[in-house]
Amino acid sequence: MDEELGSESVREQLIAEGTAELEAHGIADFSLRRVAAACNISCAAPYKHFKNRGEFINSIFAYIKNQLDLLLDQVKKVYPDDPKMQLIESCMAYIRFCTANPHFRAVLMLAGGELPLAGRVKKLVPLCLAEMSKEKQEDRCCVIRSVAYGAALMLERGEIEYNEAMMRRIRESIARELESR
């Protein structure tokens with residue numbers, strides 16, 4: 001087995017193969033042996049990088065979440081004073097991220113706690129719709145998140161075609177939810 005790669009390279013490879021393992025087998029049937037075999041390293045090698053199976057799985061979740069957070073933070077930098085555009089473009093960035101990395105979306109859905117994008121939507125909707133009641137704002141949050149999560153899943157499954165026209169329609173659907181009614 002080849003363990004000649006640098007420590008960081010092995011860790012990155014373990015995370016990549018661990019992501020594929022989670023997508024294929026879920027948390028309950030996650031196997032460090034299969035991950036090590038896929039990386040062409042000994043079954044003891046993952047323990048040089050992670051204390052145990054739980055830490056390894058949490059590191060995979062953290063890596064994916066960090067990649068998405070970096071992207072969403074870029075959106076925030078582009079629209080620092082425009083919460084409506086931050087929200088719309090964050091949703092679109094999430095959809096593009098999931099479409100480009102379907103294995104990441106599948107793994108994120110396995111993680112406990114709040115789904116990705118939820119915190120950002122919950123923070124930005126009240127800024128966009130301050131005149132609405134809290135209850136109506138919560139309803140809009142739910143609909144906006146549903147559009148983003150549903151579109152990502154439908155695009156991944158090929159139920160809708162990924163093209164500029166479809167992405168424009170999704171963006172317009174999200175924007176409509178930010179109009180006062």
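How much space lies in the largest pocket? I looked this up first and got about 300 Å³. A pocket here is an open set of points on a 1 Å grid over the protein atoms alone, where a 1.4 Å probe fits, with protein on both sides within 12 Å along at least five of seven lines. The volume is the space filled by probe spheres set on the points, which are joined across faces, edges and corners.

I noted that this is a predicted model, where local features need pLDDT of at least 70 and side-chain atom pairs count only at pLDDT 80 or more, while totals for chains, interfaces and linings use all residues. Residues are numbered from 1 along each chain as its sequence is written, and side-chain values use heavy atoms, with hydrogens and water left out.

**Pocket lining**

I found 16 residues lining the largest pocket (an atom within 4 Å of a point). Nearest its centre lie Lys65, Glu114, Leu115, Pro116 and Leu117. Helices H3 (53-78) and H6 each give two or more residues to this lining, and H3 gives the most, with five. I sorted the lining into nine nonpolar, three polar and four charged residues. My classes: Ala, Val, Leu, Ile, Met, Phe, Trp, Tyr, Cys and Pro are nonpolar, Asp, Glu, Lys and Arg are charged, and the others, Gly among them, are polar.

**Whole chain**

I see eight helices and zero strands in the protein chain. Helices (H or I, at least four residues) and strands (E, at least two) are DSSP runs, numbered from the N terminus. The C-alpha atoms fill a box of roughly 60 × 30 × 30 Å along the principal axes.

**H3 and H5**

I checked H3 against H5 (residues 102-110): their axes come within 10 Å and cross at roughly 120 degrees. Axes are lines fitted to C-alpha atoms, for helices over the stretch in contact, and angles run from 0 to 180 degrees between N-to-C directions. That makes H3 oblique to H5 (under 35 degrees is roughly parallel, over 145 roughly antiparallel, 65 to 115 roughly perpendicular, the rest oblique). In H3, Ile60, Phe61, Tyr63, Ile64 and Lys65 meet Phe104, Val107, Leu108 and Leu110 in H5, with contact meaning heavy atoms within 4.5 Å. I count eight nonpolar, no polar and one charged residue in this contact.

**H6 and H7**

I looked at H6 (residues 118-128) and H7 (residues 134-157) last: they pack at about 135 degrees, with axes 9 Å apart. H6 and H7 are therefore oblique to each other. Their contact residues divide into seven nonpolar, one polar and three charged.
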